[in-house]
Amino acid sequence: MTAYKITENICSQLCSELSAGDRDSVRERLGFDPDSFSSFSYYSSDDIMNVREMFIGVSPEQADSTVSQAIRKYLDEKHKLFEGYAPEEAALLKNARIEEKGNVIIFIVAENADEIYSAFLELF
């Protein structure tokens, strides 16, 4: 299954509110090179005050835990930026989901991150 197909099945509402990102967006924002994935999808907001975003990466083999570590570091840094002046956005960051399922990694920052993750799990 490709990252596009997973995204298509689980994320119609959130992704319609966000913009699709490319390899450079992932490198710049999340801090890792997505070229290790056979496919990926990344969505984020164009509004710097909106922290909602989602990344799905499908690896040819088992998901790489260094990617999860890079995302956690990114979340920690972003949370520190928002906790003082945008508590609602900081709460979303604190409740973000970073999960690995076989060869797929998923990262979600949204009000309904748990629902999106549950829909993701239903695909397997």
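This passage describes the fold, the sheet and selected residues of a predicted single-chain model.

In this predicted model, local features need pLDDT of at least 70 and side-chain atom pairs count only at pLDDT 80 or more, while totals for chains, interfaces and linings use all residues. Residues are numbered from 1 along each chain as its sequence is written, and side-chain values use heavy atoms, with hydrogens and water left out.

The chain contains 6 helices and 5 strands, where helices (H or I, at least four residues) and strands (E, at least two) are DSSP runs numbered from the N terminus. Read from the N terminus, the order of the elements is α-α-β-α-β-β-α-α-β-β-α. The chain is as compact as a globular protein of 124 residues, because its radius of gyration of 13 Å is close to the 14 Å given by the globule rule. That radius is taken over C-alpha atoms, and the rule is 2.2 Å times the number of residues to the power 0.38. The C-alpha trace spans about 40 × 25 × 20 Å along its principal axes.

Of the 124 residues, 48% are buried; buried means under 20% relative accessible area, exposed over 50%, and partly exposed in between (1.4 Å probe, protein chains only). The accessible surface amounts to about 6800 Å², and carbon and sulfur atoms supply 45% of it. These areas come from the Shrake-Rupley method with a 1.4 Å probe, and for residues only the protein chains shown count as cover. Among contacts with a separation of 6 or more, 56% link residues 24 or more positions apart, a contact being heavy atoms within 4.5 Å. The chain carries 12 positive and 23 negative charges, whose mean positions lie 3 Å apart. Lys and Arg count as positive and Asp and Glu as negative, whereas His and the chain ends are not counted; the charge is placed at NZ of Lys, CZ of Arg, CG of Asp or CD of Glu.

The 5 strands form an open sheet in the order β1-β2-β3-β5-β4, with antiparallel pairing. Strands β1 and β4 are the edge strands, each pairing on one side only. Two strands are taken to pair if DSSP finds at least two bridges between them. In general, strands of a sheet pair through backbone hydrogen bonds, either parallel or antiparallel.

At one edge, β1 (residues 19-20) is joined to β2 by 2 bridges, and Ser19 has Ser44 of β2 as its bridge partner. Strand β2 (residues 39-44) is largely enclosed by the rest of the structure, because 6 of its 6 residues are buried. Ser39, Ser41 and Tyr43 point one way from β2, and Phe40, Tyr42 and Ser44 point the other way. The antiparallel pairing of β2 with β3 (residues 53-58) comprises 6 bridges, and Tyr43 stands opposite Met54 there.

Strand β3 is likewise mostly covered, with 6 of its 6 residues buried. Glu53, Phe55 and Gly57 project one way from β3, and Met54, Ile56 and Val58 the other way. Strand β3 also pairs with β5 in the antiparallel sense over 6 bridges, with Ile105 of β5 as the bridge partner of Gly57. Ile105 is in turn the bridge partner of Glu100. The antiparallel pair of β4 (residues 97-101) and β5 (residues 104-109) is joined by 5 bridges, and Glu99 stands opposite Ile106 in β5. The hairpin of β4 and β5 has 2 residues between the strands, and Gly102 takes a positive phi near 65° in this hairpin.

Outside the strands, Ser59 lies in the loop between β3 and α4 (65-82). Ser59 is buried, with a relative accessible area of 7%. Apart from its neighbours within four places in sequence, Ser59 is in contact with Ser36, Phe37, Ser38 and Asn103. Within helix α4, Thr66 is partly exposed, at a relative accessible area of 44%. Thr66 and Phe32 are separated by 34 residues in sequence and by 8.6 Å in space, C-alpha to C-alpha.

Phe120 belongs to helix α6 (residues 113-122) and is buried, its relative accessible area being 0%. Leaving aside neighbours within four places in sequence, the contacts of Phe120 are Ile6, Ile10, Lys101, Val104 and Ile106. Phe120 and Arg29, 91 residues apart in sequence, lie 23 Å apart in space, C-alpha to C-alpha.
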